[in-house]
2 protein chains.
Amino acid sequence: MILATPAYSEEPRSPQRGRPRDASRDDALRQAALEVMAEVGYRALTMDAVAARARAGKATIYRRWESKLDLVIDTCTQLASQNLATPDTGSLAEDLREFLNSFAAFLSGPIGKAAQALVGELPHEPELAAAFRETFLISQRDVLRGILERASERGEIRPHAPLGMTVELAGAALIYRLMLTGDPLDRPFVDRVVDQVLMPLVGAQ
Amino acid sequence: MILATPAYSEEPRSPQRGRPRDASRDDALRQAALEVMAEVGYRALTMDAVAARARAGKATIYRRWESKLDLVIDTCTQLASQNLATPDTGSLAEDLREFLNSFAAFLSGPIGKAAQALVGELPHEPELAAAFRETFLISQRDVLRGILERASERGEIRPHAPLGMTVELAGAALIYRLMLTGDPLDRPFVDRVVDQVLMPLVGAQ
């Protein structure tokens, strides 16, 4: 039985134990988890490596997250919700352009690398897969659905437009470049997706 | 110095050393590599595990491929070239449907799982990434380009159709379902991709 090893005592316990956790410290730990995952992948990620990257003790991490799976799921959830634009410019094409540019920028940073590192694990880690889809895929899908719904109310959508497929393809187009082809995920590409694909498929003539 | 360990002597050397290698044996070894990769991923794949799966000696494998990277690249190359339909039915919609159904079936088997396991490694393994793109992505892209070119000669393509984007999206749509969303990669989905997306984007009115 091991009690109070050095690893578990580097931070003195606060007398106010009900106090909310330090949110900026949590963010720094999530950022470290993301960077380690981007570098070595999910399987090779260790709590030790995250602790070292964040210059924290391992106990600090285990006090917040029970396991590496917990940490990674919470990291995906928090970062996905913080980083997606939800434009409402009054124009379908402009909303699509603004959202997809923000999603492309988001994917081009460490979260995109971390997401790529997770993809190979999804078939083997059902809990991780569920969380990954919930945060990473469904959050961008819901922003796109909102954009199309508002455009529909403004009369900017053609009758019988394939809305579900269009939303799916927008995500697919960006993630395929990010993870598979390695071709640039930049503004000219987003412009082509919007002007050559999405607007022709759903926009009113 | 190690000479003729048991691992290196399980197959007697043939007196006809210039004889071509046994192609069906090579295929069985590649199939084993694919299955192991689908299960454990590229990083955790070992020549030992492939040998055990194929009930071969490790020497048999090292005689054919210098390294795990060699084996995996050769496996992708061979399997990609063997499994893609190249339909030429005289109808754009039918060619697209037939090719994408064959690609979906191909992706739904062990090669899709193996490809998914490789995706997380692509940023860290440039040689593997180049081979993966060359075999897995470019071979399907080239079939689609051929289908669109023949359709164009028959007058089935609208003027100024976004051919490059359409080819990219067809691959993206299937691989996004396979690797990211986990939604079914079946005939109804292929029909929707062809009828709701590809034909409206490129087909003559």
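This is a short chat about the interface between chain B and chain A and a few residues of chain A.

Student: What kind of model is this?
Tutor: A predicted model: local features need pLDDT of at least 70, side-chain atom pairs count only at pLDDT 80 or more, and totals for chains, interfaces and linings use all residues. Residues are numbered from 1 along each chain as its sequence is written, chains are lettered from A and ligands numbered from 1 in the order in which they are written, and side-chain values use heavy atoms, with hydrogens and water left out.

Student: Interface, then. How many residues does the contact take from each chain?
Tutor: 37 residues from chain B and 37 residues from chain A. Contact means heavy atoms within 4.5 Å.

Student: How much area is buried between chain B and chain A?
Tutor: About 3100 Å², with 65% of that from carbon and sulfur atoms. Buried area is the accessible area (1.4 Å probe) that two parts lose on being put together, summed over both.

Student: Which residues of chain B lose the most area to chain A?
Tutor: B:Met165, B:Tyr176 and B:Leu180, together 23% of what that side buries.

Student: And salt bridges across the interface, how many?
Tutor: The rule finds two. It asks for a side-chain nitrogen of Lys or Arg within 4 Å of a carboxyl oxygen of Asp or Glu. One salt bridge joins the side chains of B:Arg177 and A:Glu168, at 2.7 Å from N to O.

Student: Which element gives the most to the side of chain B that touches chain A?
Tutor: α8(B), with 12 residues. Helices here are DSSP runs (H or I, at least four residues), numbered from the N terminus.

Student: New topic. Where is A:Arg64?
Tutor: In helix α3 of chain A, residues 58-64.

Student: Buried or exposed?
Tutor: A:Arg64 is buried, at 16% relative accessible area. Buried means under 20%, exposed over 50%, partly exposed in between (1.4 Å probe, protein chains only).

Student: What does its side chain join?
Tutor: The side chain of A:Asp26, through a polar contact of 2.5 Å. That term means a pair of N or O atoms within 3.5 Å; within protein, one must be able to donate a hydrogen and the other to accept it, and residues adjacent in sequence count only if both atoms are side-chain atoms.

Student: What about phi at A:Arg55?
Tutor: Positive, about 50 degrees, although A:Arg55 is not a glycine. A:Arg55 is in the loop between α2 and α3 of chain A. A:Arg55 is exposed, at 78%.

Student: And phi of A:His160?
Tutor: Near 60 degrees, a positive value in a residue other than glycine. A:His160 lies in the loop between α7 and α8 of chain A. A:His160 counts as exposed, at 83% relative accessibility.

Definitions and conventions
Helix = DSSP H or I, 4+ residues; strand = E, 2+ residues; numbered from the N terminus.
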